[in-house]
Every structure is written in C-alpha cells, then in structure tokens.
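The following exercises invite the reader to work through one molecular structure step by step. Each task is followed by its solution.

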Amino acid sequence: MNSALIVIDVQESFRQRANWAATHNPDVVEKINRLLAAQRAKGEGVVWILHSEPGTGTVFDPERGFNRPIEGLEPAEGEPVLVKSSHNAFTTTNLQQYLTQQGVREVLITGIRTEQCCETTARVASDLGYDVTFVTDATATHPIEHPDAPEGRTLEEILADPRTLRTDAIVARTEYVLAGRFARIATVDELTEELTGS
C-alpha cells in the first residue's frame, strides 16, 4: 500500500445543519465514490474519519446518532473508521500509526469542510512527512459568517450579509495556501485517471 484515501467527516451530522443547503459541492458523495472505486481497484488504502463531540448535544454528539458516514458512502470490510475530536485527523486518533504500519507514503485528502478539517489535516500530514494530494472537488464547505455577526440568524440572513465569506473565496484561499507548500492540488478526474491508467 503506497497511498491512502482519507475521507474526513463526510457524515450525517452535516446534513442535519441548516447550512447544508448552501454547500458548495452537493455532488461530493458521488465524487468521493468515484475515488473510492479507483483506489480500491488499485489495491490502495482507504481510511474513514468521523468527528465526535461527546456530551455536547450537538449533531456531532454520538448520542444523537448522526456520527456515521453520509448516505451513499460505505466503508468496505477492513477499512478503518477512526473517530476524532480535534480538527485534524491525526492528533486524537492513531492515524499516523496505522499509515506507518501500512507503509503509506501519500495521503489523498477528501471530505468536509474544505478549509477546516481537510485543510488542517493536509498541513499536519505534510509536516509529518507524507506526500499530500488535496482533492478540492472531493471536499465540501459552507459560507462562513463574519466573526462579529449576531448568533441565531437564519441561513437566508447569513447569505444576505455582504460580510459572509462565500464558498468560492474559501475554496480559492485553501488552494492558494496549500499548493506548493503543503500539498499538490488535484481533481477527481485527474486522480481517477492516474489510478486507473485510463
């Protein structure tokens, strides 16, 4: 095993939030499934990461029952499912130990949210010495409210606020800061072609 596809936080928790309607990449599940098929066909690794916030009562609290892969995605037998409580996928899991045991040298980053857990994982992976490929179009994110915005606004109010950071700006910024420093940026089409040789 030379590479591992890391599927970060693509879980039902996100579909329970109002801002899911404003996701910039509603086809993220289909795109990740394409990568899963190519990665598995080549005999390369897949690791699933789920985010958990026990005792919080939020949609990430396992007591709520949403801490599972989003509908349409399914871990295959033998693919580890690791549960984290930090933004990156390494700090609160045994991900690094697992990758080392498997001889993995490259990680392919996919998941939710582009600029948060995915970007943070890419940075840490790079610092740990992995070759990192960030598959931007197999990630998803949502508009971000201004830090001074009042709490409890509707999605419509958030989207109407000119201070809200739009998803296209978030995605562009993530690629700018990662490319050439922490990761190679690649598309699903590019990677499936590399993996399948077609």
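**Exercise 1: Serine 85**

Serine 85 is exposed, with a relative accessible area of 51%; by definition, buried means under 20%, exposed over 50% and partly exposed in between, with a 1.4 Å probe and protein chains only. The model is predicted: local features need pLDDT of at least 70, side-chain atom pairs count only at pLDDT 80 or more, and totals for chains, interfaces and linings use all residues. Residues are numbered from 1 along each chain as its sequence is written, and side-chain values use heavy atoms, with hydrogens and water left out.

Task: state where serine 85 lies and which residues it is in contact with, leaving aside its neighbours within four places in sequence.

Step 1. Serine 85 belongs to the loop between E3 and helix H3 (95–102). Helices (H or I, at least four residues) and strands (E, at least two) are DSSP runs, numbered from the N terminus.

Step 2. With neighbours within four places in sequence set aside, the contacts of serine 85 are His51, Ser52 and Thr92. Contact means heavy atoms within 4.5 Å.

Step 3. From serine 85 to valine 171 there are 86 residues in sequence and 24 Å in space, C-alpha to C-alpha.

**Exercise 2: The sheet**

Task: give the order of the strands in the open sheet, and name the edge strands.

Step 1. The open sheet has 6 strands in the order E3-E2-E1-E4-E5-E6, with parallel pairing. Two strands pair if DSSP finds at least two bridges between them.

Step 2. At the edges are strand E3 (81–84) and strand E6 (184–186), each of which pairs on one side only. From one strand to the next, the twist averages 25°.

Step 3. Strand E4 (residues 106–112) pairs with strand E5 (residues 131–140) in the parallel sense, over 6 bridges. Isoleucine 109 stands opposite phenylalanine 134 in E5.

Step 4. Helix H6 (residues 167–178) packs on the sheet and touches E5 and E6, its direction making about 175° with that of E5. H7 also packs on the sheet, where it touches E4, E5 and E6; the direction of H7 makes about 95° with that of E6. Axes are lines fitted to C-alpha atoms, for helices over the stretch in contact, and angles run from 0 to 180 degrees between N-to-C directions.

**Exercise 3: Helices H4 and H6**

Task: describe how H4 and H6 pack, and which residues make the contact.

Step 1. Helix H4 (residues 114–127) packs with H6 at an angle of about 10°, and their axes are 11 Å apart.

Step 2. H4 and H6 are therefore roughly parallel to each other, a term for angles under 35 degrees.

Step 3. H4 contributes Thr114, Glu115, Glu119, Ala122 and Arg123, while H6 contributes Ile170, Val171, Arg173, Thr174, Val177 and Leu178.

**Exercise 4: Two backbone features**

Task: which peptide bond is cis, and is aspartate 9 buried or exposed?

Step 1. The peptide bond from isoleucine 112 to arginine 113 is cis, with omega near 0°. Arginine 113 is in the loop between E4 and H4.

Step 2. Aspartate 9 sits in the loop between strand E1 (3–8) and helix H1 (12–15). Although aspartate 9 is not a glycine, it has a positive phi of about 60°.

Step 3. With a relative accessible area of 1%, aspartate 9 is buried.

Terms used:
Parallel < 35°, antiparallel > 145°, perpendicular 65-115°, else oblique.
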